Amino acid sequence: MNTVCLTRPLLMAGLVWVLASCSEGEPQEPLSVNVYENTLLLTYPTPAGGTFTITGGNGEYVVECDSPLFEVEQTSPGVVQISGVRGIGEAGVTIRDGAGHTCRLSVKVGYTTLGGRVVGHDVRIAGDGLTGEEKEAIRADAYATIPAAVQGGYTFTLTGIARPGERAYTGEATLAPEKDADAVRSGLELDDMSSNGLYLELRFAVDGMPRTFHLIQYNIHYLNAIEVRSDSYEVRSISRRPVCLMEDLTERYKAGYPAVGKVYTVQVFSL
């Protein structure tokens, strides 16, 4: 009777030891991040940041950055937020788990750029009192004010913040008057006035004269295909987002054409 009582606890202890040994021997998933080639690209000075997820290891993660270029914070277990980008450059982020395994992420910050090639021009004129000849004269003159020719284009590079706390930036405007033409640089100021979509005010010099343009992106939904089935049909649509660079020239013509209501040029972009 006593032998049975002593044997049972010994068997239980042995079973626990075997199970523990098996558990400790199970291979862990390697420590890694869900970023392609462990390199994350961010932009400055537009409000930008990044998020990445840690996988593998033993789950006890510590995240450190080797530079004051930005801030890193583990917002939840395994989820890291990068914020407060202060400039351009490159920095490393080291992830360490409780077992001492490490993983390194490279973060590269570059200037924000936008632009594209001009694929079309237009001039819009409003004014019921204008004659046909007056409209044609205004149209011809307004066309001549458009800096980039069709198949020319622009690149806007944002390099600084114009007004802290607002989405207003400074930078450089690169103008290619014609396809493959040499670039002409000028100062740039940009205000992001968009609440939904893209609506930017850009101010830069053309031939030494300050100009103000508005970059507007529209949503246009149109019918793409109709799929007919035996008992119904399905309409599928896609969204195109044309981008226009517009300049209001109304003040330019008010003195010579009192009946003018509105005049603006339109440059259609292909991004």
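# Reading an aromatic cluster and a hairpin

Q: Is F156 buried or exposed, and how does one decide?
A: F156 is buried, with a relative accessible area of 0%. In general, a residue counts as buried if its relative accessible area is under 20%. This structure is a predicted model, and the values discussed here are computed from it.

Q: Is Y154 buried or exposed?
A: Y154 has a relative accessible area of 2%, so it is buried. F204, at 4% relative accessibility, also counts as buried.

Q: How many aromatic pairs does the structure hold?
A: To find such pairs, one looks for aromatic rings whose centres lie within 6.5 Å. The structure holds five aromatic pairs. One of them joins Y154 and F156, with 5.6 Å from centre to centre and 15° between the planes, and is stacked.

Q: Which arrangement, stacked or tilted, do F156 and F204 adopt?
A: The angle between the planes decides the matter: under 30 degrees the pair is stacked, over 60 it is edge-to-face, and the rest are tilted. F156 and F204 have 50° between their planes and 5.6 Å between their centres, and the pair is tilted.

Q: Which parts of the protein does the pair of F156 and F204 tie together?
A: Here one should ask which element holds each residue. F156 belongs to strand β9 (residues 153-161) and F204 to strand β12 (residues 198-206), so the pair ties together parts that are 48 residues apart in sequence.

Q: Which residues form the aromatic cluster?
A: Y154, F156, F204, F213 and F269 form one aromatic cluster.

Q: How does one read a hairpin, and which strand pairs with β5?
A: One identifies the two strands, their relative sense and the turn. Strand β5 (residues 71-76) pairs with strand β6 (residues 79-83) in the antiparallel sense, over five bridges. S76 stands opposite V79 in β6. Two residues lie between β5 and β6 in this hairpin, and G78 in the turn has a positive phi of about 85°.

Q: How many helices and strands are there in the protein as a whole?
A: The protein has three helices and 17 strands. Of its 271 residues, 33% count as buried. Its exposed surface is about 16,500 Å², and carbon and sulfur atoms supply 53% of it.

Q: What share of the contacts joins residues at least 24 apart?
A: Among contacts between residues at least 6 apart in sequence, 54% join residues at least 24 apart.

Key. Residues are numbered from 1 along each chain as its sequence is written. This is a predicted model: local features need pLDDT of at least 70, side-chain atom pairs count only at pLDDT 80 or more; totals for chains, interfaces and linings use all residues. Side-chain values use heavy atoms; hydrogens and water are left out. Rings of Phe, Tyr and Trp (its six-membered ring) pair if their centres lie within 6.5 Å; planes under 30 degrees apart count as stacked, over 60 as edge-to-face and the rest as tilted. Buried means under 20% relative accessible area, exposed over 50%, partly exposed in between (1.4 Å probe, protein chains only). Helices (H or I, at least four residues) and strands (E, at least two) are DSSP runs, numbered from the N terminus. Contact means heavy atoms within 4.5 Å. Accessible areas come from the Shrake-Rupley method with a 1.4 Å probe; for residues, only the protein chains shown count as cover. Two strands pair if DSSP finds at least two bridges between them.
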